[in-house]
Structure formats: C-alpha cells, structure tokens
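User: I am learning how labels such as buried, exposed and contact are given to residues, and I would like to go through one example with you, asking for the reasoning each time.

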Amino acid sequence: MPFVHIKMIEERCTPEKKELMIKEVTDLIAGILEQDIETVRIQIEEMRPEDWGIAGESVKKRTEKALTNSLIP
C-alpha cells in the first residue's frame, strides 16, 4: 500500500486545491505502480511558516523580508 506524505506551508492551498492534489497524486501513484487507487493513501500536513526553514531562516521571516523588499522603490 503506497503512502504519500505531502508537507506544505499552511494556508497556501484552498480546500478545493487539496482535493485536486489528492486526486491527481493518487492517480499518478496508482498508475506508476499499477495498483488500484483504493490502495493509495495521501496525507497532507500543513506547517506554520515559523516552523519551516530555508537557508537558515524561517519561511515566516523570509516572507516578511520579501514583502519589505518589494515595498522599497
């Protein structure tokens, strides 16, 4: 039974897009593995921006810096 765990920053995806992601990933995995879709499990885990880091900074801080820099002429 394939199990796919998707981690993403919270509030970046609407409930409708999550449903689409679950459907599309399920179909893709089932097709590649030649298994029935009933055997595929998908888990979406949302993380707070302050709990995820890139290059030594939290996503929250990086987002704030990007917003600040975009406001500077």
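User: In which strand is Glu 57 found?

Analyst: This is a predicted model, and in it Glu 57 belongs to strand S4.

User: Is Glu 57 buried or exposed, and how do you know?

Analyst: The relative accessible area of Glu 57 is 19%, and buried means under 20%, so Glu 57 is called buried.

User: What makes the pair of side chains of Glu 57 and Lys 65 a polar contact?

Analyst: The two side chains come to 2.8 Å, and because the cut-off for a pair of N or O atoms is within 3.5 Å, with one able to donate a hydrogen and the other to accept it, the pair counts as a polar contact. Leaving out residues up to four places away in sequence, Glu 57 touches Trp 52, Arg 62 and Lys 65.

User: Which residue lies in the loop between strand S3 and strand S4, and why is that residue called exposed?

Analyst: Ala 55 lies in that loop, between S3 (53–54) and S4 (57–58). Its relative accessibility is 72%, and exposed means over 50%, so Ala 55 counts as exposed.

User: What is the phi of Ala 55?

Analyst: The phi of Ala 55 is positive, about 55 degrees, although the residue is not a glycine. As background, most residues other than glycine have a negative phi. Glu 34 also has a positive phi, near 55 degrees, and Glu 34 comes just after H1, in the loop between H1 and strand S2 (41–47). With a relative accessibility of 76%, against a cut-off of over 50%, Glu 34 is therefore exposed as well.

User: How do you know that the reach of H1 is close to what is expected?

Analyst: H1 has 19 residues and reaches 27 Å from its first C-alpha to its last, while the span expected at 1.5 Å a residue is 27 Å, so the two values agree when the expected span is taken as 1.5 Å times one less than the number of residues.

User: Which residues of H1 are buried, and why are they said to line one face of the helix?

Analyst: The buried residues of H1 are Val 25, Thr 26 and Ala 30. Looking down the helix axis, these buried residues fall within an arc of 125 degrees, and therefore they line one face. The face turned away from the buried side carries the exposed residues Glu 16, Lys 17, Leu 28 and Ile 32, whereas what covers the buried residues includes strand S1 (3–9) and S2.

User: Where is Ile 22, and why is Ile 22 called partly exposed?

Analyst: Ile 22 is placed in helix H1 (residues 15–33). Its relative accessible area is 31%, and because buried is under 20% and exposed is over 50%, with partly exposed in between, Ile 22 is partly exposed. Apart from its neighbours within four places in sequence, Ile 22 is in contact with Ile 42 and Ile 44.

User: What makes up the largest nonpolar core?

Analyst: The largest nonpolar core has 6 residues in all, namely Val 4, Ile 6, Val 25, Ala 30, Val 40 and Ile 42. The elements giving two or more residues to this core are S1 and H1. Not counting residues up to four places away in sequence, Val 25 touches Val 4, Ile 6 and Ile 42. In soluble globular proteins generally, nonpolar side chains tend to be buried together.

Conventions: Residues numbered from 1 in each chain as written. Predicted model: local features only at pLDDT ≥ 70, side-chain atom pairs only at ≥ 80, totals over all residues. Heavy atoms only, no water. Helix = DSSP H or I, 4+ residues; strand = E, 2+ residues; numbered from the N terminus. Buried < 20%, exposed > 50% of the residue type's maximum accessible area, 1.4 Å probe, protein only. Contact = heavy atoms within 4.5 Å. Arc of directions from axis to C-beta. Core = buried A, V, L, I, M, F, W, Y, C linked by side-chain atoms within 4.5 Å.
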